[in-house]
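Reader: I have some questions about how the packing and pairing terms are justified here. Can we go through them one at a time?

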Amino acid sequence: MNTTNTTTRTLNLNPSRWRNLGIIAHVDAGKTTLTERLLWKTGAIHRVGEVHDGAATTDFDPIEQRRGITIGAAAVQTHWTPQGQAEHRLTIIDTPGHIDFAIEVERSLRVLDGAVAVFSAVDGVQPQSESVWRQARRHGVPLIAFVNKMDRVGASFEQTLAQMRDKLDATPWAIGRPLGAESDLRGWVDLVARELVLWDEAGGIARRPWNDEETREHEPLRERLIEAVADHDDELAQAFLDARAIDSELLKAALRRGTLKGAGTPVLGGSAFKNKGVETLLDAIVDYLPSPLDRPIVTAESEDGEVALAPDASGPLGGLVFKIVHQEHGALSFVRLYSGTLRVGDTVWASRRERAQRVGRLVVVQADHGRDVEVAYAGEIVAIQGWKDAVSGETLSGVERKLVLDTIQAQPAVLSWRLTAAKASDLIRLGQGLASLAQEDPSFRVGTDPETGETLVWGMGELHLDVMVERLREGWGVDVRTGSPRVAYQETPSAAVAGIEGRLVKRNGGQGQFARVTIDVAPREDGQFEFVDRTSGGVVPKNFVNATEKGLRAALSEGPRGYPLVGLTVSLTDGETHAVDSSELAFQRAASEALKAALAVTGTTLLEPVMALVIDTPAGNVGDVVGDLQRRSGRVLGIEDKGSRTDVTARAPLAALSGYATALRSLTQGRASASVVFNGYEQARQEARAG
C-alpha cells in the first residue's frame with residue numbers, strides 16, 4: 001500500500017480537516033512573503049523565494065516579478081499537522097494588496113471559508129487594510145490577524161490592536177504577546193497554552209511551559225483574554241463564573257466558536273521575513289478558521305425555487321466559477337464546489353452560457369503548476385482545464401437540475417484609456433487580447449467611443465490599465481498606444497415618475513410585433529438596480545415579465561447623457577399582449593423605450609467617482625498638501641500628528657487627481673506618499689455647484 005496516497009485519500013474524504021483561506025492586506029504588508037513562509041514551513045517548497053528577487057512562488061507572472069507586487073490571486077495547496085492533531089489540508093489564496101486589483105480579493109473572499117488579515121506592525125491599519133476587511137465582513141468570512149514586521153524599527157503590537165478597534169470596529173483577541181520587539185524579537189508568549197515559543201535566527205522554534213515568574217507576569221493577560229472571549233461565549237462564561245479551571249482546550253474551543261460567528265478576531269504576531277511566528281500562525285489557521293462544514297449552507301435558485309447546498313459529496317452538484325486564467329497549456333476555470341461530486345468526463349450545466357459542457361480535465365493548482373485529479377468533492381477548490389469560453393461568476397450544476405448561485409460583483413470601473421494598435425496588422429491580435437483579458441478580469445471592460453470609433457478600455461485605476469496594456473504587449477505581441485484618460489461618470493434619475501408607457505407595434509403583413517408596458521421609476525441611494533413586478537391577474541405572462549426586466553437591464557448601459565445608469569427601482573405596473581404578435585424581443589424593446597421615456601421626464605443627475613486619500617507627509621509640508629487638495633476640490637477629513645510625520649485623510653474627485661503623485665512629490669521634495677482608494681460615487685462637482 002502506498003502510504004502517502006492512502007493518507008491523501010483519507011484526507012480528501014474528511015472535509016473537517018480542510019481549510020480554504022485567503023491572505024489579505026494592504027500593499028507591502030508582507031502577504032506574499034508570509035505565504036512563501038507558510039509553504040516552506042509545511043514542506044510544500046524546499047527553498048524560500050523572496051518577493052524582492054522576483055522568486056516568490058505565488059508571484060510567478062513576469063510582470064509581478066518586475067514590479068514586486070501581486071497582481072493576480074494565486075492558489076496553492078499544502079498540509080500541516082499541528083502538535084497532537086491529525087494532518088490538515090490548507091488551500092491558500094494569496095491576494096493582491098493594491099486597490100486597482102480589488103476584484104481579485106472580492107472573488108477570492110466570495111468562495112473562501114476564512115482569511116488571514118496581515119498588518120504591518122510599523123504602519124498599522126492602512127487604507128487598503130480597511131477595504132479588504134470590509135470585503136471579508138460583507139461576505140461573512142471569519143478572520144484571524146497576523147501582525148507582521150515585528151522585527152522592524154517602530155513596530156508596535158499594541159498600537160496595531162488599538163487601530164483595529166478604532167479603524168475597523170473590530171474586536172481583536174490577542175492570543176499571545178511578542179517576546180521582545182524590533183531587533184530583540186525573540187519569541188511569542190502563548191496565552192492559550194501557557195507556553196513560551198522561542199525563535200532562533202535560523203527560523204527554528206522551541207516551546208516550554210511558563211515558569212513561576214512568567215506565570216505571575218502573564219497570567220493577568222490570560223485572564224483578560226478569557227474575560228473578553230467569555231463576553232461572547234456562554235460555555236466559557238459559565239466556566240468562568242463557576243471558577244472552574246480553564247485549560248487550553250476549553251479556551252481554544254471558545255475562541256473557535258467566537259471566531260466562526262464573527263464575534264472576535266484572534267491576533268498573532270511575528271516576522272514572516274525572519275521566519276518568526278509562522279508555525280504559531282499555521283496552528284491558529286487549523287484551530288480557529290472554519291472547515292467547509294462550519295460555513296453557513298449556501299442557497300441556489302432553480303426552476304423549482306430555492307435549493308440548499310450543504311457541503312455534501314452526495315448532494316446535488318453546485319459550484320461557482322470564480323476565476324479564469326489563460327496559461328500556456330490552455331484556459332483554467334477555477335471552481336469552488338459547494339455541493340456534490342465533480343468527475344473527469346462529467347457533463348455539467350453552465351448557467352451563463354446556458355449549455356451543457358463536458359469536464360475534460362480537473363487540476364489542483366499549485367501557483368503556475370497543476371496536478372491532475374480524477375474527482376473533486378464538495379468543499380474543494382479545483383480548476384477545469386480547456387474551457388475557452390467560460391464566464392467568471394457562472395454556476396456549474398447537474399444537467400438534470402439546473403442551479404444558479406449568487407454571482408460575483410465587480411466594483412464599477414472608474415477610469416478609461418483610448419487604445420490604438422500602432423500597426424493595422426495588429427488589430428486582430430488586439431481584439432483577441434482584449435477579449436481574453438476581459439474574460440479573466442470582470443473589472444476590466446472594453447468598449448468603443450461612439451463619436452470616434454476608437455477602442456476604450458475601462459479599469460480600476462492607472463496601475464490596473466497600465467498592467468493590462470503591458471500584458472497586451474507581452475502576451476499578445478501588440479504594439480499598443482494609449483490616449484488621454486477619461487473618468488467613468490454615471491447617471492441616476494433625478495426624481496421619481498409613474499405611469500410611463502413603452503409600446504412597440506409593427507403590423508405590415510405576416511406576424512407582427514406587439515408589446516405594451518407601463519412602468520414607475522424611482523431613484524435609489526445605494527447605486528443598485530431593482531426590478532419589481534407589480535402586475536396582477538396574469539396581465540403580463542411570466543416569460544414577458546422576464547423579457548421586460550432583460551430589456552430594462554440592457555438599457556442601463558447608456559443613459560441620456562451617454563453614461564451608465566445606476567441607482568433606480570423600476571416597477572412594472574401594467575402591460576398588454578397580443579395572442580399572435582407578442583414576443584419576448586418585443587417586450588425587451590418596449591421596456592427599453594419606456595425607460596428612455598421615463599428618464600426624459602425625470603432627467604438624470606451626473607455622478608463622479610470619488611477617492612479616499614491618506615497622505616503621509618513631513619509635518620512641515622502639511623499646509624502645502626492641504627492647500628493643493630483644496631484646489632483639487634478635495635475635503636480634508638482629518639490630520640493625525642505622528643511627530644515628525646503627519647497623516648492627512650481626505651476625499652477628492654478622481655477627475656481632479658490627474659498627475660497627483662507627481663505634484664505631491666514636487667510639493668514635498670519627494671518625501672510624501674499617498675494611498676488612493678476608490679470610495680464611491682457622488683454628485684458631480686459642476687452639478688452640485690449648479691444646484
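Author: What follows takes a helix pair and then two sheets in this predicted model.

Reader: Why is α2 called roughly perpendicular to α10?

Author: Helices α2 (residues 31-41) and α10 (residues 278-288) pack at an angle of about 85 degrees. The range for roughly perpendicular is 65 to 115. The angle falls inside it, so α2 is roughly perpendicular to α10. Their axes lie 10 Å apart.

Reader: Which residues in α2 and α10 meet?

Author: From α2 come Leu34, Arg37, Leu38 and Lys41. From α10 come Val278, Glu279, Leu281 and Leu282. The residues of this contact divide into five nonpolar, no polar and three charged.

Reader: What makes β7 and β10 edge strands?

Author: Each pairs on one side only. The open sheet has four strands in the order β7-β8-β9-β10, with antiparallel pairing. β7 covers 176-179 and β10 covers 205-209. Neighbouring strands of this sheet are turned by 20 degrees against each other on average, direction ignored.

Reader: How do you know that β9 pairs with β10?

Author: Pairing needs at least two bridges. Five bridges join β9 (residues 195-199) to β10, so the two strands count as paired. They run antiparallel. Trp199 has Ile205 in β10 as its bridge partner.

Reader: What makes β12 and β24 a pair?

Author: The cut-off is at least two bridges. β12 (residues 298-302) and β24 have two bridges, so they meet it. The pairing is antiparallel. Ser302 has Leu403 in β24 as its bridge partner. Their open sheet has the order β13-β12-β24, with β13 (305-309) and β24 (403-404) as edge strands.

Technical notes: Residues numbered from 1 in each chain as written. Predicted model: local features only at pLDDT ≥ 70, side-chain atom pairs only at ≥ 80, totals over all residues. Heavy atoms only, no water. Axes fitted to C-alpha atoms, helices over the stretch in contact; angles between N-to-C directions. Parallel < 35°, antiparallel > 145°, perpendicular 65-115°, else oblique. Contact = heavy atoms within 4.5 Å. Nonpolar A, V, L, I, M, F, W, Y, C, P; charged D, E, K, R; others polar.
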